[in-house]
Amino acid sequence: MFLSTLPATDAGRRLALAVTLASAAIFLAAAPFARLPLPQIPAFLPLYQSALVINDLITAVLLYGQFGIVRSRALLALASGYLFSAAMAIFHALSFPGLFAPTGLLGAGPQTTAWIYFFWHGGFPLFVIAYALLRDPSLETGPAPGRARGSILLGIALAFAAAAGLTLFTTLGHGVLPEIMRGDADASTKVFVAAGTWMIIVSALAALWRQRPHSVLDIWAMVVMCVWMFDVALAAVLNHGRYDLGWYAGRVYGLLAASFVLMVLLLENGRLYARIVEAHGRHARRLKMLHEIDLAVAGEQSTEAIAGAAIQALRELLGVPRAIINIFDLAAGEVEWVAAAGRRRVHVGPGVRYSMRLMGDVEALKRGEPQVIDTHALPPGPEMEALLASGVHAYMVMPMIAGGELIGAVSFGGERQPFHAEQVGIAREVATQLAIAVCQARLYERVKRQAEELEVRVRERTAELQAANKELDSFAYSVSHDLRAPLRALDGYAQILEEDHAARLDAEARSLLGVVRASSRKMTQLIEALLNFSRLGRIPLKTQPVPLDELIREVVGELHSANSGRRIEFTLGELGIAEGDPVLLKQVLANLVGNAVKYSRGKDPARVEIGRSAEPGKGAFWYVKDNGAGFDMSYYGKLFGVFQRLHGADEFEGTGVGLAIVQRVIARHGGLVWAESKPGQGATFCFTLGAGRSSAASA
């Protein structure tokens with residue numbers, strides 16, 4: 001992605017070689033005329049130096065920017081070298097005699113400008129050598145640690161420090177430096193300094209050359225070093241002094257050298273942005289495709305619809321003429337198209353079935369290993385002919401695995417292989433997502449089918465239960481109604497016998513006759529209770545807001561009147577308003593409070609508490625509590641059954657239907673009823689209306 005990491009191509013090498021050869025040709029043409037005097041152009045040097053500084057600064061900024069991403073010490077060294085070059089160009093221009101002052105600025109002497117030139121042209125190659133050495137795997141010390149900003153600031157500081165230090169050395173140490181200039185003409189010693197500078201440049205070129213493989217940046221850095229050799233040769237060796245042909249040509253070479261890497265960087269940055277935009281577009285299309293799969297899954301669509309939502313976008317992302325989503329039938333050894341996309345049309349739904357052998361090694365697919373298949377190596381047949389006709393000469397099969405099960409594959413192909421890493425990554429990503437989606441779609445279909453079957457069975461069972469309940473209610477009503485007539489006759493005849501013929505009966509006969517009449521009355525009470533219980537299933541609920549406080553006061557008043565000879569203490573809490581049938585709710589309260597009064601007969605005083613409460617896990621509920629006989633919780637299962645009694649008839653009267661009626665009324669109101677008790681310590685009966693308690697039976 002970057003010049004420092006992008007391998008040099010053959011075309012790039014040829015272009016760099018062409019530029020170098022063209023520069024060499026120009027150098028060879030200009031070398032014989034290097035000493036040719038030319039007119040002094042005062043504006044040339046500031047224009048040349050300004051362009052050079054701008055080029056070097058922009059190049060340094062771009063290289064620092066790349067260092068901030070890849071964190072390569074080599075890039076940091078080269079970027080600092082270009083910054084050093086820009087700083088030296090500035091100091092060179094400021095110290096140039098006659099440009100800003102007759103002898104130059106910065107306290108320059110007659111030799112200052114020339115020595116700055118050689119320190120400049122010898123210093124920059126040293127940075128290039130550092131770049132080359134840090135690119136060497138045997139000397140690379142790893143990425144720059146810490147934040148990139150700190151490393152960049154350190155590189156900038158070192159570059160400016162080096163430039164400023166060398167400039168100060170040429171001014172403050174002017175007297176100890178050898179003489180290399182006599183006015184505008186070269187001194188004889190200059191050639192030795194230029195030769196030393198040339199050797200440093202050649203060393204930098206050799207250090208770059210030994211780096212293998214060469215990156216794009218390596219190639220163009222070598223071009224720069226070659227041009228710098230021509231620059232030094234023309235401007236400091238072959239020429240005679242300032243303002244001759246060699247001097248001007250050398251400056252032009254320096255500007256060209258500064259421009260080469262910058263131009264390549266700018267071009268590569270443009271291509272990089274284009275690749276980023278293209279990659280962003282592909283990434284957006286990948287996300288959109290995966291989003292379409294998610295939407296299809298969320299919409300509870302079929303496997304075909306899920307595959308159809310992705311197939312065309314998948315083919316376009318892969319950049320292939322054909323892409324197919326396949327479902328495997330491993331038992332039959334066959335594959336079926338679910339969705340297929342070509343250049344001209346898209347097919348979605350049950351499609352072509354063909355042999356599993358076209359998918360490659362099935363065992364490898366089960367292990368998650370993609371298969372690459374050469375179409376020409378397939379057995380001759382219609383499948384091979386169809387693939388070749390659609391332009392598929394090689395194709396890849398990417399397995400779709402979910403829960404360890406191979407359920408299908410994404411296959412795609414084109415004219416050639418190998419398939420690049422991005423294609424493989426896209427196919428693997430989509431295959432994984434599709435495998436999950438297909439499993440979810442299958443699971444949803446199975447659950448939906450089972451739910452429909454269950455719903456049918458529930459409706460049938462509900463209808464059967466309703467019919468059975470109706471028959472039972474009718475039977476109970478008929479039995480209880482039909483039994484009352486003979487019982488009334490039995491009791492009536494027994495009464496006539498007792499009243500009209502008592503004188504002719506002995507004491508035992510009269511006693512037996514009393515037992516008959518008492519039993520018939522008991523039987524009548526049981527039948528009446530059964531009739532009332534049966535009637536509850538047929539009476540429609542007439543729900544309305546019911547003020548339970550008023551209802552309980554009526555019930556308590558009636559019980560007070562019926563038990564006027566007993567001391568009973570009633571404690572009434574605030575019951576509030578409930579939604580229900582007022583008649584049935586009054587019957588519930590009457591039965592519960594009546595039982596509390598009856599079973600607390602042995603207590604003086606009897607205490608009965610009625611209230612409303614709320615507890616975690618129970619919610620709001622009503623309760624009736626007494627201090628009576630209580631019962632053993634081990635018999636709790638019989639408590640709400642019809643005719644079930646936990647105390648003998650000789651202890652407490654009753655039919656055993658009252659609590660069964662309470663439970664039935666509460667159930668019809670959508671509530672629950674439960675009880676808690678200990679023998680001899682009273683009992684507490686609780687009930688809810690509506691949602692109720694989730695675990696009442698555990699009470």
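A residue is classed as partly exposed when its relative accessible area falls between the buried limit, under 20%, and the exposed limit, over 50%. In the predicted model described here, His 560 has a relative accessible area of 38% and is therefore partly exposed. This histidine belongs to helix H14, which spans residues 548-562. Apart from residues up to four places away in sequence, His 560 touches Ile 568 and Phe 570. The second of these partners, Phe 570, is 10 residues from His 560 in sequence, and the two C-alpha atoms are 9.6 Å apart.

The protein chain as a whole contains 16 helices and 16 strands. Of its 699 residues, 44% are buried. The accessible surface amounts to about 35,300 Å², and carbon and sulfur atoms account for 61% of that area. Among contacts between residues at least 6 apart in sequence, 69% join residues at least 24 apart.

The packing of two helices is described by the angle between their axes and the distance between the axes. Helix H3 (residues 73-95) packs with helix H4 (residues 112-135) at an angle of about 175 degrees, and the axes are 8 Å apart. Because angles over 145 degrees count as roughly antiparallel, H3 is roughly antiparallel to H4. The residues of this contact comprise 19 nonpolar, 8 polar and 2 charged.

Helix H5 (residues 148-172) contains 25 residues. From the first C-alpha to the last, H5 reaches 35 Å, close to the 36 Å expected at 1.5 Å a residue. The buried residues of H5 are Ala 148, Ser 151, Ile 152, Gly 155, Ala 159, Ala 163, Thr 167, Thr 170 and Thr 171. An α-helix has 3.6 residues a turn, so residues three or four places apart point the same way. Cover for the buried residues of H5 includes helix H2 (44-70), H3 and H4. Two of these covering elements, H3 and H4, also pack with each other, as described above.

The loop between helix H1 (10-30) and H2 includes Phe 33. With a relative accessible area of 48%, Phe 33 is partly exposed. Phe 33 and Leu 234 are separated by 201 residues in sequence, yet their C-alpha atoms are 9.6 Å apart in space.

A buried polar residue is found in helix H12 (residues 421-500), where Gln 423 is located. The relative accessibility of Gln 423 is 8%, and this residue therefore counts as buried. When neighbours within four places in sequence are left aside, Gln 423 is in contact with Leu 318, Val 320 and Phe 412. These three partners are classed as nonpolar.

Further along the chain, attention turns to a proline and an arginine. Most peptide bonds are trans. The bond from Asp 604 to Pro 605, however, is cis, with omega near 5 degrees. Pro 605 is placed in the loop between helix H15 (582-599) and strand S13 (606-615). Arg 664 is part of helix H16 (residues 658-668). At 23% relative accessibility, Arg 664 counts as partly exposed, since the buried class requires a value under 20%. The C-alpha atoms of Arg 664 and Val 588 are separated by 9.6 Å, although the two residues are 76 apart along the chain.

Methods:
Residues numbered from 1 in each chain as written. Predicted model: local features only at pLDDT ≥ 70, side-chain atom pairs only at ≥ 80, totals over all residues. Heavy atoms only, no water. Helix = DSSP H or I, 4+ residues; strand = E, 2+ residues; numbered from the N terminus. Buried < 20%, exposed > 50% of the residue type's maximum accessible area, 1.4 Å probe, protein only. Contact = heavy atoms within 4.5 Å. Areas by Shrake-Rupley, 256 points an atom, 1.4 Å probe, with all protein chains shown as cover. Axes fitted to C-alpha atoms, helices over the stretch in contact; angles between N-to-C directions. Parallel < 35°, antiparallel > 145°, perpendicular 65-115°, else oblique. Expected span 1.5 Å × (residues − 1).
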